[in-house]
Amino acid sequence: MSKTVSRITIACRVNGEPRRVEAFPMARLLDVLREEMHLTGTKEGCGEGECGACSVLLNGAIVNSCLVPAIDADGGDIRTIEGIACGAKLNAVQAAFLECGGAQCGICTPGMIMASYQLLARWPNPTEQQIHEGLAGNLCRCTGYQKIFDAVRQASEA
């Protein structure tokens, strides 16, 4: 006889707001964000934690949301791409990505911006090496990275 896994209530802060959602404990945080919370800015790339497209901040640390069980977010603080702008005003990283052409197809862009955002929180004036290390977990198949690095440098000057 098989057991049925029931949904649980996950209570957390998402982009500064308290949220409660019903989900299966082992559902991926990525799916809960997109399907239950309707925050579709976070994208799925590989689904294996290799590309970084689904990167979000969980308790201040960058994570691949495709690898995080939803239950691990219970009581946590999550920041998604939707939560870094200030109302209609883009964050400096978002604005720099637009101005520098750091986005093309858009699949990697939310994760790349979140990694850049976290990188600049750690190192406000990063060296080239720090930029490369800070974005090492994020893959882009379109830009060749130079415009992304330019955007991070520009955002650090803002």
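**View 1. The aromatic pair of Tyr145 and Phe149 in the predicted model.** At 10% relative accessibility, phenylalanine 149 counts as buried, whereas its partner tyrosine 145, with a relative accessible area of 25%, is partly exposed. The structure, which is a predicted model, holds one aromatic pair, and in this pair the rings of tyrosine 145 and phenylalanine 149 are stacked, with 6.1 Å from centre to centre and 20° between the planes.

**View 2. Helix α3 and the elements that cover it.** Spanning residues 109–122, helix α3 reaches 20 Å from its first C-alpha to its last, close to the 20 Å expected for its 14 residues at 1.5 Å a residue. Because 11 of these 14 residues are buried, α3 is largely enclosed by the rest of the structure; among the buried residues are Met112, Ala115 and Ser116. The cover over the buried residues includes the strands β3 (55–58), β4 (61–64) and β5 (77–79), together with the helices α2 (92–100), α4 (128–134) and α5 (146–157).

**View 3. The largest nonpolar core, with Leu135.** This core has 22 residues, of which Phe97, Met112 and Leu135 have the most contacts inside it; two or more residues come from each of α2, α3 and α5, and α3 gives the most, with six. Leaving aside residues up to four places away in sequence, leucine 135 touches Met112, Ala115, Ser116, Ile148, Phe149 and Val152.

**View 4. Two arginines placed over aromatic rings.** Arginine 7 lies over the face of phenylalanine 24, at 5.3 Å from the ring centre, while the charged end of arginine 122 sits over the ring of tryptophan 123, 4.2 Å from its centre.

How values were computed. Residues are numbered from 1 along each chain as its sequence is written. This is a predicted model: local features need pLDDT of at least 70, side-chain atom pairs count only at pLDDT 80 or more; totals for chains, interfaces and linings use all residues. Side-chain values use heavy atoms; hydrogens and water are left out. Helices (H or I, at least four residues) and strands (E, at least two) are DSSP runs, numbered from the N terminus. The expected span of a helix is 1.5 Å times one less than its number of residues. Buried means under 20% relative accessible area, exposed over 50%, partly exposed in between (1.4 Å probe, protein chains only). Contact means heavy atoms within 4.5 Å. A nonpolar core is a set of buried Ala, Val, Leu, Ile, Met, Phe, Trp, Tyr and Cys residues joined through side-chain atoms within 4.5 Å. Rings of Phe, Tyr and Trp (its six-membered ring) pair if their centres lie within 6.5 Å; planes under 30 degrees apart count as stacked, over 60 as edge-to-face and the rest as tilted. A charge sits over a ring if NZ of Lys or CZ of Arg is within 6 Å of the ring centre and within 35 degrees of the ring normal.
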